[in-house]
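Colleague: Please show the model, and let us then discuss its architecture, its cores and one of its helices.

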Amino acid sequence: MTSRRGVLKLIGGGVVLAAASAGGFIALNQPSVAAREAWRLAGQETEYRRRFLSYALLAPNPHNRQPWLVQLEGDDALTLYVDLERRLPATDPLDRQIIIGCGAFLELLRLAAAEEGYDTEISSFPQGAPALDGRLDARPVAHVRFIPDQVKADALFAHVLARHTNREVYAPRDVEPEKLAALVAAGSVYGMTVRTCGNDQTAERLRDLTWRGHERESTTAYTMQESIDLLRIGPAETNLYRDGISLESPFLALGTLVGAVSKEALADPASAAFKQGLDMYRPMAASARAFVWMLNDGASREGQINAGRAYMRLTLETVAHGLVVHPWSQALQEYPEIADLYRDVHELIGDGQRLQMLVRVGYAKPVVPAPRRGLEAHMLS
């Protein structure tokens, strides 16, 4: 949230900048390898359902909450629940985004199973779904049964370990129309409608809308506090929690060392750290040269599951074409302070349907994987 340049402005020069060149300090403040161990261990479980789950937990999910709880049943099934303590009540008051994250988990589970020839029977909300205007409860999100020797592997699975949400400033390079068409094809499943735009007037309006959505969320105290509470500052804290929003770099470590970067400072709109955080996101928003959005009728919780499943496929397709993706969906949220932007974005690209995802797509340098809590954190006894 605070850029390298911003931290340097905050902490000044002299002795502190001299410390920045010290190899030992820099080495100690690189992104935590241990916090990302789950990416290396994917596929190494002996029991076949646990092996599939070791891939599923790599799915994208809001604020990296990883809210999935799994109960193995018999020798061929499992049930998926949501950890109700890992929801986002401020920015996701109806749990729509959490359910989309569950859909991505289920699709990645299906792809991992197909890689070994297993078909998956997925039953959404087998004990009934919560109302669209309500909250999730203890009832299961899905029941899954595995059937061996039924399907062929899906080519998208080859990209699972290379798929990472990329929040960098994107290169000033337009996305080729044929690549955008491939993303439309990949995401147009499970009842979803997918639309795209290149670097045109719609993109210009979306750059403005997505930036204002981020700014609104950042300047609304309780929605910003939700993100602040989930910040993991430095590799030690990132490794401890292995979830949330990781801030790891030697320059951020320097800012923390001198008190310029802290959760308190980042939450205070009057602070230099807060302003630098916004300044970091401005070029990210401005760099979007293409957008992709996903819609359906918005009439059911199962439709939210399907949105997540389709989004999982779309993100894997981006890897296949050398592209990167970043959800930029603040204007799609349901808290009261965002209502005008919700209306504006639906009037612009909603086509009379419910927007479920809005992402920027483009070219950017690679990023490290997001931390993951590991398989045992998701297993119910």
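The exchange below takes these topics in turn.

Modeller: This is a predicted model, in which local features need pLDDT of at least 70, side-chain atom pairs count only at pLDDT 80 or more, and totals for chains, interfaces and linings use all residues. Residues are numbered from 1 along each chain as its sequence is written, and side-chain values use heavy atoms, with hydrogens and water left out.

Colleague: How many helices and strands are in the protein chain?

Modeller: Helices (H or I, at least four residues) and strands (E, at least two) are DSSP runs, numbered from the N terminus. The protein chain has 15 helices and 10 strands.

Colleague: What percentage of the residues in the protein chain is buried?

Modeller: Buried means under 20% relative accessible area, exposed over 50%, and partly exposed in between (1.4 Å probe, protein chains only). Of the 381 residues in the protein chain, the buried share is 55%.

Colleague: Which element gives the largest share of the largest nonpolar core?

Modeller: A nonpolar core is a set of buried Ala, Val, Leu, Ile, Met, Phe, Trp, Tyr and Cys residues joined through side-chain atoms within 4.5 Å. The largest has 42 residues, and L80, F105, L109, V141 and F146 have the most contacts inside it. Elements giving two or more residues to this core include β1 (68-73), β2 (77-82), α6 (96-115) and α14 (301-320). The largest share, 11 residues, comes from α6.

Colleague: Which residues does F105 touch, not counting those up to four places away in sequence?

Modeller: Contact means heavy atoms within 4.5 Å. With that exclusion, F105 touches L53, A56, L57, A59, W68, V70 and L80.

Colleague: How far apart are the end C-alpha atoms of helix α8?

Modeller: The expected span of a helix is 1.5 Å times one less than its number of residues. Helix α8 (residues 201-219) has 19 residues and should therefore span 27 Å. The expectation agrees with the model, where the end C-alpha atoms are apart by 27 Å.

Colleague: What covers the buried residues of α8?

Modeller: The buried residues of α8 include L206, R207, W211, H214 and E217. Their cover includes β5 (193-197), α9 (221-229), α13 (272-286), β8 (291-296), α15 (339-349) and β10 (354-362).

Colleague: How many disulfides does a search of the whole structure find?

Modeller: A disulfide is taken as a pair of cysteine sulfur atoms within 2.5 Å. C102 is buried, with a relative accessible area of 0%, and C197 is buried at 5%. The number of disulfides found in the whole structure is zero.
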